[in-house]
Amino acid sequence: MDKILIIGSLNMDMVANVDHTPLTGETILTSEITLVSGGKGANQAYAAGRLRADVTMFGAVGEDSYGKTLLDSLTSAGVDAAGVLRRKDAATGMAFITVNKEGDNSIVVVSGANATLSKEDIDAGRALIENTDILLLQMEIPVETVCHAAQMAKSMGKTVILDPAPVPEHFPVELYRYIDVIKPNETELYMLTGMNPEQNSIEEAAGWIRARGVRNVLVTLGEAGVYLDSEEVGTVRIPAVAVHAVDTTAAGDAFTAAVAVKMAQGENLLDAATFANQVSSIVVTRKGAQSSIPALEEVETYLQCAI
């Protein structure tokens, strides 16, 4: 199996279950708040570890109890987190998440130590990129750091996967040239392209990104399934798996990680996306971020029952 390196964020999630997503100016009550290990980078590393991949995490946390908890969580999933930086001058990142009764979430992220991950840190960790096969990135660390890591990995002939969330106000166009697979959801796809979903189709928006150098565009569409525009297999729609969703937190992260895991095993992107679709369908039936991510054995049992 190929090696996977994930460069990205680590956050402590504070999750509140609410009847509905608060409106502007509205105050609502909830009975409890739950602390869950999260962060898009850490979620993806944790998911890859749970799926038995050879995975390493690189990022930054503070020298506080939350940072230790996040690293312990990754280690428990079989992730090599030894290279994660501990900052004395920054607190561990945090995310405040509300989950409504339909399972949809709203998230506010306090970057903390994630914002300190620099191009110089990437240079210092160059050996991590040299020793991997697949690099997985997201956008909860500085944009210039993401670009630098992607460019370095591509210059070494590595496969680069980007989860472009959260989409920055100014997405660097040159980044597209370094990406082999980009995985936005539908909202993020239209944010990246500046297109209007009422006027432009998924096919048009994905084609816009392909025209800028990305070999494969993989769009998660929630209840509408998954859309793939790939130089390898063409354009394909994968139907959603019918489940009762209780919390969509980390579903996209688990999907992206599962794609990387199957690619690391040598499978084509269509098969990888089909497997990832199954994994994320399990995640949405559970509460929390990393706490909702299944182990490989659970996914295999789920797939056998679905046959």
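**Salt bridges, cores and helix packing in the predicted model**

In this predicted model, the count of salt bridges comes to 15. Side chains of opposite charge can pair when their charged atoms come close. One such pair is formed by D163 and K40, whose closest N and O atoms are 3.5 Å apart. This salt bridge links distant parts of the chain, since D163 belongs to the loop between β10 (159-162) and β11 whereas K40 belongs to helix α1 (residues 40-50), with their positions 123 residues apart in sequence. D163 counts as buried because its relative accessibility, 1%, falls under 20%, and K40, at 15% relative accessibility, likewise counts as buried.

K40 also forms a salt bridge with D253, and here the closest N and O atoms are 2.6 Å apart. Because D253 lies in helix α8 and K40 in helix α1, this pair ties together parts that are 213 residues apart in sequence. D253 is itself buried, with a relative accessible area of 5%.

A further salt bridge joins R286 to E298, with the closest N and O atoms 2.7 Å apart. R286 is placed in the loop between α9 (269-283) and α10 (296-306), while E298 is part of helix α10, and the two residues are 12 apart in the chain. Both partners are described as partly exposed, R286 having a relative accessible area of 26% and E298 a relative accessibility of 31%. In addition, K154, D180, R215 and E231 are joined into one network by salt bridges that share partners.

The nonpolar interior is considered next. In soluble globular proteins, nonpolar side chains tend to be buried together. The largest nonpolar core of the model holds 51 residues, among which I4, L10, M57, L74, L218, V259 and M263 touch the most other members. Helix α8 (residues 251-264) supplies the largest share of this core, namely 10 residues. When neighbours within four places in sequence are left aside, the contacts of M263 are with I134, T159, I161, V181, L269 and A272. A second core, separate from the one to which M263 belongs, consists of 40 residues and includes V160, I182, I209 and Y227.

Helix α8 also packs against α9, at an angle of about 145° and with the two axes 8 Å apart, and the crossing of these helices is right-handed. On the α8 side, the residues that meet α9 are A251, A254, F255, A258, V259, K262 and M263. Their counterparts in α9 are L269, A272, A273, F275, A276, N277, V279, S280 and V283. Two of the α8 residues in this interface, V259 and M263, are thus listed among the residues of the largest core that touch the most other members.

Helix α6 (residues 186-193) contains the buried residues E188, L189, Y190, L192 and T193. The elements that cover these buried residues include β11 (181-182), α7 (202-210) and β12 (216-220). At the start of α6, a side-chain oxygen of N185 reaches to within 3.2 Å of the backbone nitrogen of T187. The helix is followed by G194, whose phi is positive, near 75°.

Note on methods
Residues are numbered from 1 along each chain as its sequence is written. This is a predicted model: local features need pLDDT of at least 70, side-chain atom pairs count only at pLDDT 80 or more; totals for chains, interfaces and linings use all residues. Side-chain values use heavy atoms; hydrogens and water are left out. Buried means under 20% relative accessible area, exposed over 50%, partly exposed in between (1.4 Å probe, protein chains only). Helices (H or I, at least four residues) and strands (E, at least two) are DSSP runs, numbered from the N terminus. Contact means heavy atoms within 4.5 Å. A polar contact is a pair of N or O atoms within 3.5 Å; within protein, one must be able to donate a hydrogen and the other to accept it, and residues adjacent in sequence count only if both atoms are side-chain atoms. A nonpolar core is a set of buried Ala, Val, Leu, Ile, Met, Phe, Trp, Tyr and Cys residues joined through side-chain atoms within 4.5 Å. A salt bridge is a side-chain nitrogen of Lys or Arg within 4 Å of a carboxyl oxygen of Asp or Glu. Axes are lines fitted to C-alpha atoms, for helices over the stretch in contact, and angles run from 0 to 180 degrees between N-to-C directions. A crossing is left-handed if the near helix is turned anticlockwise from the far one by less than a right angle, and right-handed if clockwise.
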